[in-house]
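User: Please take a close look at one part of this model and explain, in a connected way, how that part sits within its surroundings. I would like the reasoning spelled out where a classification depends on a cut-off.

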Amino acid sequence: MTKGGDNGFSSKVRFGDFEADLRTGELYRRRKRIKLAEQSVRILALLLENPGELVTREEMRARLWPEQTYVDFDRSLNNVILDLRRALRDSPRRARFIETLPKRGYRFIADVERVEPDTGNSDAPDQAEVVSRARRALSLVGLIGLPAALIWGATVAFGPADQADPLHAQELVGALPSGLAHVWGAISPDGQQLARRDGDDGRLFIEDLSTGESRLLVDDPVLRTMVWSPDGSEIAVVRAREGDHLLEVIDVASGESRLLLISSPAPTVIPEYRVPVAWDGVGNRLLLVRWAGDRVEALSLETLDLEPLDIGARVTRAADLSPDGRFLASPSGPGVDILRTDGGGEPARIRAFDERATLPVWSPDGTSVFFMRQFRNNSKVELWSASIDRDTGSLIGEPSLVAPLATVRFAIQPVVTENGEYVWAHQDSWNSARVMEVEPRTGQPVDDVVTDLPRGTHAEIWSPTEPTLFAFDRTLNWQLSGLELLRRYDMETGREGIVQLPRVGDRRWYSKDLTKALTVDRSDRQSTVYLFDLVNEERTELFSYDSRISSARLSDDSGSVAFRGGAILGEQGSVGVVDLATGSVRMLYEGAKVENPNWSPNGSELAIADRPCVKIVRVESEEVETLACYAEPPEQDAGVRTMSPHWSPDGSMLVWGALNPALRRHEIWILDRSTGTHNVIWTGEEDYKTEAGQPMWSPDGRFIAYTLVDNPPVEIWKLRHPMLTPGTPSVSD
């Protein structure tokens, strides 16, 4: 094995099936060039310069970023290593090339063979010069002046030191006013404006991203799905007014509207009103889908005739229409479907990986579809591109990586402008968990004693026998495959540890002893609930339900499952119970704004929130009792959201979180069942953006854990890249 300090270390080296040129930063596998991000090239060079030796994380940091550069180093370096391992087809669990030395760094473990330079060239530089040139080329820090975290988006290997790199810049366009929660919207076709729905009252605003100016466009509540006209002069929205849903087109400049369609949805769990997903400028029509269904219809903007379309596959509200109106790109699990709007032919399927694909967007010339690759737990997002045949809609070649992106706001549809800029919304909302000490008999705080857990930590569950909190930490889980790690916090001793569990899916709810988990596979019209034995890693199907299930809770005796049915948490939904011995399903409650149910300690009752009230449902008799509501003064009722209530260990008290827009604060409430009195024990008045979600009691009643949901400002970013510009060839094949 060649050491970095050996004489004659060539600028070209071989290892396994790969060959790397340290002078140019190029990587080949069996003579085929491999795409690598610039920073991945630098780290590979550093490892190859020191094969068999530990390269510390600090050494890597020095190679990637100059001093006093602010960057989330741990997360960014992990992304670089993942990108490099993916290119080398390596695995951290069965490493062939890059070995991890936990908390210290990495080591290149494969044999490295130098490729001798052409000795027939009398003008060839000596070995010392080659080494010097290689190290100079690989230590360059490109794009000085841009934040290092943005430079990481470059996806091509850089060339010789005397050749300038093409600019692949991620640039901040603008940010929304701080303090906004639950932002939904759509970016205008030119990337200059954002139509956003206010999360508190549902009104529609227009944000000028260049000036920061915000103006009210629609004073009535609108639904979350909206689309711009191709020329950016109008927006199609659905207003909610007096029980009806009005599909309208709003003139952006004047605010004038024209009514297209009225629907009066039946009072069912699954709403069936239509929402716009795409605006066909060529055919002068709007494509509509049912809110919770996959039926697609075309509404003529001239005649207002409504025509069903035989698309041939499920279409989501995140679909995008090709510029000529012939094809729809719609997310479909781990990929994207290209569907013909005339109903002809089979859909073309883009399947490049196992993770979720979402938010497809067509290029202005209709030859490419750009889409997001969303890694598990929303920990990482990549922008990918697929070339599409404009005549048939079929995929040409294989999808290719364009750039890693900052965390994407999935409730805002991105665009590709005519200038070849990809514009998207970003919001890095990392939760943090806190533990409050309380007096067990009253639930009142003890001297404001609060323990803050690391940012990125979400309180999951208390141990059933001791004051030990198990918390999900996204900084641990994003890079693991097949495993889920929970942090273990002993509140009495202060000891911390890690609990390793098999990964059973993104929608999972653990039993208190962490031996079982409930998981849900769901579509818009049906959900199937499974019981996963975490000890034996066995999965058993429990039951199916003809609606979306947003949560499932196993009773302490594991004999029953309580679940919430309904498309969206905090909106119209129902609560049911399944007896696992008989398989019988009983629906116990239906409401307008229902949160998740939670079992009482003895399993006889369920605590639910149907905002703005907290209620209990008796499982056997199906009786419902309202415990507390926001009733005084009346104006505080509007928009108050009560989170799922949790029981004290003896069942004598309930604790829940609430969002109170009238007082502009988040709250934690406690209710005494014996007296019916309830009071606030914590308020988030200092930071209205912070939401206290689902507080939970420890088994000894001494601690309450809750998660702070941070909602920082939504930022709008744009990416320039050669692959986004029509007619521009990729810089690496």
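**A close look at serine 322**

Analyst: Serine 322 counts as buried, because its relative accessibility is 4% and the cut-off for that class is under 20%. The model is a predicted one, and this residue is found in the loop that runs between strand 22 (320-321) and strand 23 (327-331). Within that setting, the side chain of serine 322 is joined to the side chain of aspartate 324 by a polar contact of 2.7 Å. When residues up to four places away in sequence are not counted, serine 322 touches Phe327 and Trp362.

For the wider context, 55% of the 733 residues of the protein chain count as buried, and the secondary structure of the chain comes to 6 helices and 58 strands. Of the contacts in the protein chain between residues at least 6 apart in sequence, 47% join residues that are at least 24 apart. The chain exposes about 31700 Å², of which carbon and sulfur atoms supply 45%.

Elsewhere in the chain, an open sheet with mixed pairing is formed by 5 strands in the order 13-12-11-10-30. Strand 13 (214-218) and strand 30 (412-413) stand at its edges, and each has a single partner strand, so one side of each is left without a neighbour in the sheet. Strand 30 pairs with strand 10 (residues 184-187) in the parallel sense over 2 bridges, and glutamine 413 in strand 30 stands opposite alanine 186.

Methods. Residues numbered from 1 in each chain as written. Predicted model: local features only at pLDDT ≥ 70, side-chain atom pairs only at ≥ 80, totals over all residues. Heavy atoms only, no water. Helix = DSSP H or I, 4+ residues; strand = E, 2+ residues; numbered from the N terminus. Buried < 20%, exposed > 50% of the residue type's maximum accessible area, 1.4 Å probe, protein only. Contact = heavy atoms within 4.5 Å. Areas by Shrake-Rupley, 256 points an atom, 1.4 Å probe, with all protein chains shown as cover. Polar contact = N/O pair within 3.5 Å; in protein donor to acceptor, adjacent residues only side chain to side chain. Pairing = 2+ DSSP bridges.
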